[in-house]
Amino acid sequence: MQNLEFIFPLGGQIYSLTAARTRFLNGLYNEVAEEVCSELTSGRILDIGTGPGYLPIAIAKRVPCLEVVGIDVSSSMLKVASNNAKRMGLSDRVRFQFGYAERIPFKDQYFDLVLSTISLHHWLRPTECIEEVHRVLKENGKALICEIKRDLDKRANPELRKRYGWLFTFLFLAIVKADPFVTLEDVGDLVSFSTRHFSRTELKDDGIILRLRLSNSK
């Protein structure tokens with residue numbers, strides 16, 4: 001897993017425009033936002049590796065009583081995210097700041113929920129990140145980590161073509177091969193480590209996305 005220290009000056013804007021026009025990413029953000037808002041109607045949420053801030057904004061649009069914070073290591077991404085929130089009139093409930101997953105810049109037991117969507121493969125020291133997630137979560141807090149699966153199942157190709165068409169599927173598969181996304185084995189090892197800190201762990205695999213759910217609930 002690699003650590004993303006920076007993005008080229010225009011990288012944030014380019015990624016933001018790309019993500020805004022990609023049904024795959026939009027669909028994932030909206031799916032996660034719906035799940036979050038069905039379970040949590042107040043409290044604080046942290047989004048690790050927030051990028052252009054689409055997930056925090058999607059959550060804030062749905063539930064007005066949630067405070068959502070996004071952290072990222074890219075200043076260009078943070079600028080884009082802040083501008084996106086301002087444009088949507090959500091700057092009072094969504095904020096973005098610099099921060100590493102290995103050193104989350106918040107005090108202990110601060111958040112009710114921690115999210116990470118397609119940033120796990122950038123974590124240089126994933127076990128330390130899991131420890132940090134546990135540290136900043138409240139006693140009954142939860143975490144949801146979603147990541148693209150590098151070792152895609154055979155069912156992934158026809159499913160992607162059915163949902164998004166041939167061109168997107170071709171480009172998506174090329175990106176998965178080129179970028180060091182995580183394998184099922186990688187996340188399995190992380191699940192084993194997570195049991196040291198969390199009372200409940202659950203890993204779901206739909207052939208394309210891996211979803212790791214962690215909970216402090218007793």
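Me: How many residues sit between β6 and β7 in their hairpin, and which residue in the turn has a positive phi?

Reply: Happy to help! This is a predicted model, and in it the hairpin of β6 and β7 has three residues between the strands. The turn includes G207, whose phi is positive, about 95°.

Me: In which sense do β6 and β7 pair, parallel or antiparallel?

Reply: To read a pairing, look at the direction of each strand and then at the bridges. Strand β6 covers residues 200-205 and strand β7 covers 209-215; they pair in the antiparallel sense, over six bridges. For one example, find K204 and look across to R211 in β7, its bridge partner.

Me: R211 sounds worth following. Which residues are linked with R211 in a network of salt bridges?

Reply: E31 and D206 are the ones linked with R211 in that network. By the rule used here, the count of salt bridges comes to 15.

Me: Which parts does the salt bridge between R213 and E35 tie together?

Reply: For any such pair, ask how far apart the side chains are and where each partner lies. The side chains of R213 and E35 meet at 3.0 Å, N to O. R213 belongs to strand β7 and E35 to helix α2, so the pair ties together parts 178 residues apart in sequence.

Me: Do R213 and E35 count as buried or partly exposed?

Reply: Here you need the cut-off: buried means under 20% relative accessible area. R213, at 19% relative accessibility, counts as buried. E35, at 21%, counts as partly exposed.

Me: Now β4, please. How many of its residues are buried?

Reply: Six of the seven residues in strand β4 (residues 111-117) are buried, so this strand is mostly covered. Helix α3, residues 54-62, is also a good place to practise: seven of its nine residues are buried. They are Y54, L55, P56, I57, A58, I59 and A60.

Me: Which strands pair with β4, and in what sense?

Reply: Take one neighbour at a time. Strand β1 (residues 43-48) pairs with β4 in the parallel sense over four bridges, and there D47 stands opposite L115. Strand β5 (residues 137-148) also runs parallel to β4, joined by six bridges. On that side, F111 stands opposite L137.

Me: What unit do β4, α5 and β5 make?

Reply: Trace the chain from strand to helix to strand. With helix α5 (residues 126-136), β4 and β5 make a right-handed β-α-β unit. Salt bridges turn up here as well: D112 and K138 meet through their side chains at 3.4 Å, N to O. That pair links distant parts of the chain, with D112 in β4 and K138 in β5, 26 residues apart.

Me: Where do the partners of the R135 and D108 salt bridge lie?

Reply: Their side chains meet at 2.8 Å, N to O. R135 is in helix α5 and D108 is in the loop between β3 and β4, so the pair ties together parts 27 residues apart in sequence. R135 is partly exposed, at 23% relative accessible area, and D108 is partly exposed too, at 48%.

Me: One last feature: what is the volume of the second largest pocket, and which residues are closest to its centre?

Reply: For a pocket, start with its volume and then see what lines it. The volume is about 370 Å³. Of the 18 lining residues, the closest to the centre are E39, L113, K142, A143 and L214. Elements giving two or more residues to the lining are α2, β4, β5, β6 and β7, and β5 gives the most, with five. By class, the lining has seven nonpolar, four polar and seven charged residues.

Notes. Residues numbered from 1 in each chain as written. Predicted model: local features only at pLDDT ≥ 70, side-chain atom pairs only at ≥ 80, totals over all residues. Heavy atoms only, no water. Buried < 20%, exposed > 50% of the residue type's maximum accessible area, 1.4 Å probe, protein only. Pairing = 2+ DSSP bridges. Right-handed = clockwise from strand over helix to strand, strands pointing away. 1 Å grid on protein atoms, 1.4 Å probe; cavity = no way out; pocket = protein on both sides within 12 Å on 5 of 7 lines; lining within 4 Å. Points joined across faces, edges and corners; volume = space filled by probe spheres on them. Nonpolar A, V, L, I, M, F, W, Y, C, P; charged D, E, K, R; others polar. Salt bridge = Lys/Arg side-chain N within 4 Å of Asp/Glu carboxyl O.
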